[in-house]
Amino acid sequence: MSYYFSICASEYYQQKYVEFLLGNYEHLQLPYAFPVALSYIVSPILMTHESFLCFNDDDDVVGAFGCIYGTGEKEYEDTEIVQIQVIFLAEPYRGTLLFARALHFFTEYLEQLDREVKELRFWATAEPSFQKLFVKVAARTATAHTEHGMLDEYRCSPSDLLAYAGRMRQ
């Protein structure tokens, strides 16, 4: 099966992005209250940053991911830092190479930007299975407690992410 990716540059694709993620909200397992989770899901669109969809051969949406530039601490002026807000693949596609292809697409996209991206950041539920996966590509830099669970923050360079995607594809 083949896949393709689309940047959500139009309202139509932005709507598909939000509908897909909200339609899979329970599977996202975000450790936040719904209003906070919703803000992470839609922030790439509301902040006019980047959101992407993954499609299968039948043109069905099977995945979505989004990011923003900068950090709240620096009032989003530090655009050399990209925060990944959400990555989600539908269950039947998780055991495929789609995740590696999505990472590869994303890092190539970042290389084409008119700004240098020095660091990628993301938060994930502090579960051993996630920790085992993410430390292969990124350094765990913080742990936070929320009312809905614990989160780990990870940081890596785009080249580290690209190298990891390459290893996954082999």
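Q: Where in this predicted model is S43 found?
A: Welcome! S43 is found in helix α3, and the model we are looking at is a predicted one.

Q: Why does S43 count as buried?
A: Buried means under 20% relative accessible area. S43 has 9% relative accessibility, so S43 counts as buried.

Q: Which residues does S43 touch, leaving out those up to four places away in sequence?
A: S43 touches I68 and Q85. A touch here requires heavy atoms within 4.5 Å.

Q: What makes A37 buried?
A: A37 is also found in helix α3. Its relative accessibility is 0%, and because the cut-off for buried is under 20%, A37 counts as buried.

Q: What surrounds A37, and how far is A37 from V86?
A: Not counting residues up to four places away in sequence, A37 touches Y25, L30 and Y32. A37 and V86 are 49 residues apart along the chain, while their C-alpha atoms lie 9.7 Å apart in space.

Q: What does helix α3 pack on?
A: First, meet the sheet: it is open, has 7 strands with mixed pairing, and follows the order β1-β2-β3-β4-β5-β7-β6. Neighbouring strands in this sheet are turned by 25° against each other on average, direction ignored. Helix α3, residues 34–46, packs on this sheet and touches β2 (50–55), β3 (61–69) and β4 (81–89). The direction of helix α3 makes about 70° with that of β3.

Q: Why are β1 and β6 called edge strands?
A: In the order of the open sheet, β1 and β6 stand at the two ends. The strands β1 (4–7) and β6 (139–146) each pair on one side only.

Q: What makes β4 largely enclosed?
A: Of the 9 residues of β4, 8 are buried, so β4 is largely enclosed by the rest of the structure.

Q: How do you know that β3 and β4 pair?
A: Pairing asks for at least two bridges between the strands. There are 7 bridges joining β3 to β4, so they pair, and they run antiparallel. One of the partnerships is that of G63 with L89 in β4.

Q: How many bridges join β4 to β5, and do these strands run parallel or antiparallel?
A: 3 bridges join β4 to β5, and the two strands run parallel. I81 stands opposite E119 in β5. Between β4 and β5 the chain passes through helix α4, residues 98–111, in a right-handed β-α-β crossover.

Q: Why is the crossover from β4 to β5 called right-handed?
A: With the strands pointing away from the viewer, a right-handed crossover runs clockwise from the first strand over the helix to the second. The path from β4 through helix α4 to β5 is right-handed, so it fits that clockwise description.

Q: In which sense do β5 and β7 pair?
A: Strand β5 (residues 119–125) and strand β7 (residues 149–156) pair in the antiparallel sense over 6 bridges. Here A124 stands opposite D152 in β7.

Q: How does the radius of gyration of the protein chain compare with that of a compact globule?
A: A compact globule of 170 residues would have a radius of gyration near 15 Å, and the protein chain has 15 Å, so the two agree. The C-alpha atoms fill a box of roughly 40 × 35 × 35 Å along the principal axes.

Q: How many helices and strands are there in the protein chain?
A: The protein chain has 6 helices and 7 strands. In sequence, they follow the pattern β-α-α-α-β-β-β-α-β-α-β-β-α.

Definitions and conventions. Residues are numbered from 1 along each chain as its sequence is written. This is a predicted model: local features need pLDDT of at least 70, side-chain atom pairs count only at pLDDT 80 or more; totals for chains, interfaces and linings use all residues. Side-chain values use heavy atoms; hydrogens and water are left out. Helices (H or I, at least four residues) and strands (E, at least two) are DSSP runs, numbered from the N terminus. Axes are lines fitted to C-alpha atoms, for helices over the stretch in contact, and angles run from 0 to 180 degrees between N-to-C directions. The radius of gyration is taken over C-alpha atoms; the globule rule is 2.2 Å times the number of residues to the power 0.38. Buried means under 20% relative accessible area, exposed over 50%, partly exposed in between (1.4 Å probe, protein chains only).
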